[in-house]
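Visitor: I should like to learn how to read the surface, the charged pairs and the inner space of a protein model. May we take these topics in turn?

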Amino acid sequence: MILAAKEGLVSAQCDITAAFVTAPIPPDEVVYVAQPRGFEQGKNKVLRLKTCLYGMRQSPRYFFQYLTEKLRKQGLEPSNLDPCLFLGEDILAIIYVDDVLIYGRSEEAIDQLIAALQNDDVRLRKEGTAEGYLGLKLERDGNKTFLSQPGLIKRVVEGLGLSSKFSTACSTPAEQAALPRDADGEPATGSFNYASIVGMLHYLNHTRPDCAFAIHQCARYTFEPKKSHEAAVKRIGRYLKGTMDKGLILDPSDDLTIDCYPDADFAGLWGHEHPQDPHCARSRTGYVITLAGCPILWKSKLQTEIALSTMEAEYVALSTACRDLFPIMDLVKEIGQHFGLPVQDKSRFHVRVHEDNVGALLLGQLEPRRMTPRSKHYAVKYHWFRTQLEPRGVVLTKIESKEQLGDIFTKGLGRIAFEYLCKKPMG
């Protein structure tokens, strides 16, 4: 969508009718079914299937192979990085089960592709543009695109019982103090379906990066929530109620630049969990990756190993963020080559990683690349990304902590700091 806004691409949303039953079963595979009621052709006989049926475990795979073959006939090849992305000359298609999203330079090119697939026995039906794809509300104003999920927010607010005018909104989705396990706390009241609300919040996270940290905190306790966890979920609901019109603003800049903002909260649960619980010493990783100034990926999660220092926690976050950064770089380059973008020109295509911890920054930039006495114990797993920086043209840069966008994914912030950082990715 960022590239579509940047390049002025048009879109089409399509659906494939009775998708699985159109996929043929390979000749070397034999599947028999009982004769359907009202169609008996003699006793003790069965039917051999020629095409798949809904409910067969292999149906999704055979349908995808069938659709891939049809798209290849039209000159679209699957991406080397994402098998559900098909690329052609100035056109691309994204497959999500039986939903297809097509972007192209012109409506004529898209219509020609749809007509060619229909003539090749693909029951493709055009349902409009990208607006509403997979439940997302999409609004365009020139090159600016606004993504939101107001319907889902309304369901969350209603599910939490916060529709009343007496339910007040709050300015942040999470308390500044960490949310502990609260093993000895009061049991959940059951006034709402905790797992269902958390599931809806996870899907809402696609357009609300400002809630990612708060949602992950609550999701940790889905299987045994306490009353304090219910209160944390309701706080998210109160925040959403006051920001129902908010969403993701994609307003790409002229520069074709990828920026990564990794951050970590060292042992953030220490002092909140039981001191004998090893989870209290785990640090949290948070990062956001932007393309042309627009966020495309963000995460908030606990680190799998216990870091022994702030620098180690920050360095682990830096390495973890690079695992997602490098595939995104390759994907942007692959798409850019099909749409004539200057992705091979290092003077116009820049990749930067913004680190606010001086120790992690110096260790990442250390030349020649080597271990230090204090970094030997995490060398194998987390030093790998340094070998990729120079060949890929990635630059590690220092950023002030108050400008670190990844901060909202690692801890609860005060209202002023939270609103200041949220304005950058969300307007």
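Visitor: In which loop does Val-30 lie?

Guide: Please note at the outset that this is a predicted model. Val-30 belongs to the loop that runs between β1 (10–16) and β2 (32–34).

Visitor: Is Val-30 buried, partly exposed or exposed?

Guide: Residues under 20% relative accessible area are called buried, those over 50% exposed, and those in between partly exposed. Val-30 has a relative accessibility of 43%, and therefore counts as partly exposed.

Visitor: Which residues make the nonpolar surface patch of about 300 Å²?

Guide: Val-30, Tyr-32 and Val-46 make that patch.

Visitor: Let us turn to charged pairs. How many salt bridges does a search of the whole structure find?

Guide: The search finds 17. To recognise one, look for a side-chain nitrogen of Lys or Arg within 4 Å of a carboxyl oxygen of Asp or Glu. Arg-208 and Asp-210 form such a pair, with 3.0 Å between the closest N and O atoms.

Visitor: Are Arg-208 and Asp-210 buried or exposed?

Guide: Arg-208 is buried, because its relative accessibility is 1%. Asp-210 has a value of 2% and so is buried as well.

Visitor: Which parts of the chain does the pair of Asp-324 and Lys-299 tie together?

Guide: In this salt bridge the closest N and O atoms are 3.2 Å apart. Asp-324 lies in helix α8 (residues 310–338) and Lys-299 in strand β14 (residues 294–302), so the bridge ties together parts 25 residues apart in sequence. Asp-324 counts as buried at 19% relative accessibility, whereas Lys-299, at 30%, is partly exposed.

Visitor: Which residues are joined into one network by salt bridges that share partners?

Guide: The network consists of Asp-15, Arg-125 and Glu-127. Within it, Glu-127 pairs with Arg-125, their closest N and O atoms being 2.7 Å apart. Glu-127 is partly exposed at 41% relative accessibility, and Arg-125 is partly exposed at 38%.

Visitor: Finally, how many cavities of 30 Å³ or more does the structure hold?

Guide: Rolling a probe the size of a water molecule over the atoms shows where empty space is left. Here the structure holds one cavity of 30 Å³ or more. The largest cavity has a volume of about 70 Å³.

Visitor: How do the residues of its lining divide by character?

Guide: Seven are nonpolar, two polar and two charged. Among the lining residues are Phe-213, Ile-408, Lys-411, Gly-412 and Asp-210. Asp-210 is also the salt-bridge partner of Arg-208.

Key: Residues are numbered from 1 along each chain as its sequence is written. This is a predicted model: local features need pLDDT of at least 70, side-chain atom pairs count only at pLDDT 80 or more; totals for chains, interfaces and linings use all residues. Side-chain values use heavy atoms; hydrogens and water are left out. On a 1 Å grid over the protein atoms alone, a cavity is a set of points where a 1.4 Å probe fits but cannot get out, and a pocket is an open set with protein on both sides within 12 Å along at least five of seven lines; lining residues have an atom within 4 Å of a point. Grid points are joined across faces, edges and corners, and a volume is the space filled by probe spheres set on the points. Ala, Val, Leu, Ile, Met, Phe, Trp, Tyr, Cys and Pro count as nonpolar, Asp, Glu, Lys and Arg as charged, and the others, Gly among them, as polar. Patches are made of residues with over 30% relative accessible area and no salt bridge: like charges are joined within 9 Å, nonpolar side chains (Val, Leu, Ile, Met, Phe, Trp, Tyr) within 5 Å. Accessible areas come from the Shrake-Rupley method with a 1.4 Å probe; for residues, only the protein chains shown count as cover. Helices (H or I, at least four residues) and strands (E, at least two) are DSSP runs, numbered from the N terminus. Buried means under 20% relative accessible area, exposed over 50%, partly exposed in between (1.4 Å probe, protein chains only).
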